[in-house]
Amino acid sequence: MATFLYKLGRLAFRRRRYVALVWVALLALAGFGAASASTATSSSFSIPGTEAQKAFDLLEQRFPGGSADGATARVVFKAPEGEKVTDAGNKAEVEEIVGELKSGSDQISSVADPYKANAVSKDGSTAYISVSYKVSSMELTDGTRESLEHAGESAQSGGMTVEIGGDALQVMPETGATEIIGVAIAAVVLVITFGSLIAAGLPLLTALIGVGIGVSLITALANVLDLGSTTSTLAMMIGLAVGIDYALFIVSRYRAELAEGREREEAAGRAVGTAGSAVVFAGLTVVIALVGLAVVNIPMLSKMGFAAAGTVAIAVLIALTLVPALLGFAGKRVMGRRARKAAEAENRPEAKPNMGTRWARFVLRRPVWVLLAGVIGLGAVAVPAASLEMGLPDDGSQPKSTTQRQAYDLLSDGFGPGFNGPLLVVVDTKNSSDGKTAVEQVSQEIEGIGRVEAVTPATFNKAGDAATITVIPKDRPSSTETEQVVHSIRDAGADIRSETGAEVLVTGATAMNIDFSQKMNDALLPYLALVVGLAFLLLMVVFRSLLVPLKAALGFLLSVVAALGAVVAVFQWGWLASLFGVEQTGPIMSMMPIFMVGVVFGLAMDYEVFLVTRMREAYVHGEAPGQAIVTGFRHGARVVTAAAVIMMAVFAGFIGSSESMIKMIGFSLAIAVFFDAFVVRMAIVPAVLALLGKRAWWLPRWLDRALPNVDVEGEGLRKELTGTPADEDGRRETVHV
């Protein structure tokens, strides 16, 4: 692989104008496709194999035209102090708005008058209009949204408070200025690392081109592939981080080759052949982990994984082709005079030790203490992970400044928290001898369940073989009490089915969220085992060792669990919540842990490869195990540190998003990178290798012969370039028993 990439790097360097033109053309085409693509008309959310989805499908089948998947909205009114919404003036205002909504758009399916639908609070202070649409929120026209947004203006001028909730006003998440700050911090880190504006700007430029192509393609295909609004944001987050890092590794190696006196084309070829091999491996691990999300069998999550994986693949291709091409344009200006002198000094044996060298020697002197400090520290941070509760956000997790959140609070105050998440019970009486009696029994059973506020009368379909019952819990939708209500109804339904033949199913947004969370919870451990097993196998091939991959996989597990603990402490327990702009604590986003595992796995393998391959290379060439660790840190610590800081800056930039899901994922990835890069890879890894000594590189002889040689270290390339026989230079020595 290294030899092929070496030739590819030299070719891209020589044909730099053509390579640059191809990538600019691809960016233009993707941009044109995104600009000319029609707006995504849907963003369906389905969870195959769950009861909520089965009930949802039954509704569409037995209640045709009911727009089961249509958008909904609630226009909530609160009377001025000392007045009631039932007062003549206020009532006239609300009824006028009901009429305006009905005639405001042909996309509206129904508008419920609060005075006829029993949607007025007991104290008369609050009322709400329920609006149902024929189409999903993504298919609503601008005119329909505007008529909804302006619905309460006349009432507001009369003194009433009017807020609007529901998914009809769903908009693209805003990331805020902190995203730009994250990129700015990355630029500063690159300037400090390279000491050259050109060298610093090159990774940023190539990463932005890669992200531009990836996000544009996602936008262009959003309508065809039914991609959600957060897909492009997550692809941008991951693509930007890995794009900068991969280019950073190539440019850093190119500068090192120049400092050793090689010609520019040769330096570019060697940089792509060596660092590029690690980039391919690291990118492949990220792609596999993201594509592996498909095993959860949730279409939305699978699409997010595929989209992000595609952006990572583009970042790898750009690092291998566009980066060496731009290095050809930059010439030796990519390396300032001062930087060249520093690099040359670093390559001399008598040179003053750098920070990486000093740290490695410190770890070698006290490996047990460093190991204990790292493991105990991460273990302490991981403790809150034992209390992990998973769920999906509702309007209650929106910022307090939004009308959705204020409508949520008004409904909670006027009617009770459960009104924000009603449960829809669907009774299939097709196989029941007496459907009406069975439905009455279902209603009575539900009324007897604790934590239920109200049960509406059943509504039958035209055929009379199915009925719906709306259940209002006493607690907010994301609470554990509401989850217990759902399970209690389902347990009661199982008994009713055995007695009457009627099938009882619970659905609605709240039940769908509960089922989604359960499915994600069930998939987390199998997916984690898949990822860790894959990490072990891949690293065993790369390092020709059993203990090094085992150490890497266990370190990855430790950093992931510690990151989950930090997320639970902030977003579920509320520690330092105000610092990160978390206005409402609650369950952790269901898809966040499994998504974090996939992304952090790739990044962990990234740092592992770049640090340990240098150590392995030094050991193979005759250095003692301890000295090999120092050599690895002397060459790789600074670049890995810069890469980790850049990743943290980019991910942390998304903490400023108005979307709670984006905020949580940004925080989790940033803290996970910190734990994995600085605690696991920089402290625990060298401490474990120091304690293992030569045993770290042990591999059974039969396994050594069976494993393929992927040549990530570039040994084959080095032999080809120097013409040195395999038994004298570059051989893969392995400790056997």
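In the next few minutes I will walk through this chain, beginning with its overall make-up and then turning to its salt bridges, its cavity and a few single residues.

Please keep in mind throughout that what we are looking at is a predicted model. The chain contains 24 helices and eleven strands, and of its 737 residues, 55% are buried. Its accessible surface comes to about 30,200 Å², and carbon and sulfur atoms account for 58% of that area. If we take the contacts in the chain with a separation of 6 or more, 80% of them are between residues that stand 24 or more positions apart.

Let me move to the salt bridges, of which the count comes to 17. I would like to start with the one between the side chains of Arg62 and Asp465, where the distance from N to O is 3.7 Å. This pair links distant parts of the chain, since Arg62 belongs to helix α3, residues 51–62, while Asp465 sits in the loop between β8 (459–460) and β9 (466–473), 403 residues apart. Arg62 has a relative accessibility of 12%, and because that is under 20% it counts as buried. Asp465, at 18%, is also under that cut-off and therefore counts as buried.

A second salt bridge joins Arg405 and Asp409, whose closest N and O atoms are 3.3 Å apart. Both residues belong to helix α15, residues 403–414, and because they are four residues apart there, about one helical turn separates them. Here the two partners fall into separate classes of exposure: Arg405 counts as buried at 5% relative accessibility, whereas Asp409, with a relative accessible area of 28%, is partly exposed.

A third example is the salt bridge between Asp676 and Arg681, with 2.9 Å between the closest N and O atoms, and in this case Asp676 and Arg681 are both buried. There is also a network, in which Arg10, Arg14, Glu265, Glu266 and Arg270 are joined by salt bridges that share partners.

Now to the empty space inside the model. The structure holds one cavity of 30 Å³ or more, and the volume of the largest cavity is about 50 Å³. Which residues line the largest cavity? They are Met615, Pro625, Ala628, Ile629, Leu689, Gly693, Ala696 and Trp697. Helix α21, residues 625–653, supplies the largest share of this lining, namely three residues. By character, the lining divides into seven nonpolar residues, one polar residue and no charged ones.

I will finish with three residues that lie in loops. Asn118, in the loop between β2 (108–112) and β3 (126–133), has a positive phi of about 55° although it is not a glycine, and with a relative accessibility of 67% Asn118 counts as exposed. Arg451, found in the loop between α16 (435–447) and β7 (452–455), likewise is not a glycine and yet has a positive phi, of about 65°. At 41% relative accessibility, Arg451 counts as partly exposed.

The last of the three is Ala577, in the loop between α19 (547–572) and β11 (588–589). Is Ala577 buried or exposed? With a relative accessible area of 10%, Ala577 is buried. Once its neighbours within four places in sequence are left aside, Ala577 is in contact with Val570 and Val582.

Methods:
Residues are numbered from 1 along each chain as its sequence is written. This is a predicted model: local features need pLDDT of at least 70, side-chain atom pairs count only at pLDDT 80 or more; totals for chains, interfaces and linings use all residues. Side-chain values use heavy atoms; hydrogens and water are left out. Helices (H or I, at least four residues) and strands (E, at least two) are DSSP runs, numbered from the N terminus. Buried means under 20% relative accessible area, exposed over 50%, partly exposed in between (1.4 Å probe, protein chains only). Contact means heavy atoms within 4.5 Å. Accessible areas come from the Shrake-Rupley method with a 1.4 Å probe; for residues, only the protein chains shown count as cover. On a 1 Å grid over the protein atoms alone, a cavity is a set of points where a 1.4 Å probe fits but cannot get out, and a pocket is an open set with protein on both sides within 12 Å along at least five of seven lines; lining residues have an atom within 4 Å of a point. Grid points are joined across faces, edges and corners, and a volume is the space filled by probe spheres set on the points. Ala, Val, Leu, Ile, Met, Phe, Trp, Tyr, Cys and Pro count as nonpolar, Asp, Glu, Lys and Arg as charged, and the others, Gly among them, as polar. A salt bridge is a side-chain nitrogen of Lys or Arg within 4 Å of a carboxyl oxygen of Asp or Glu.
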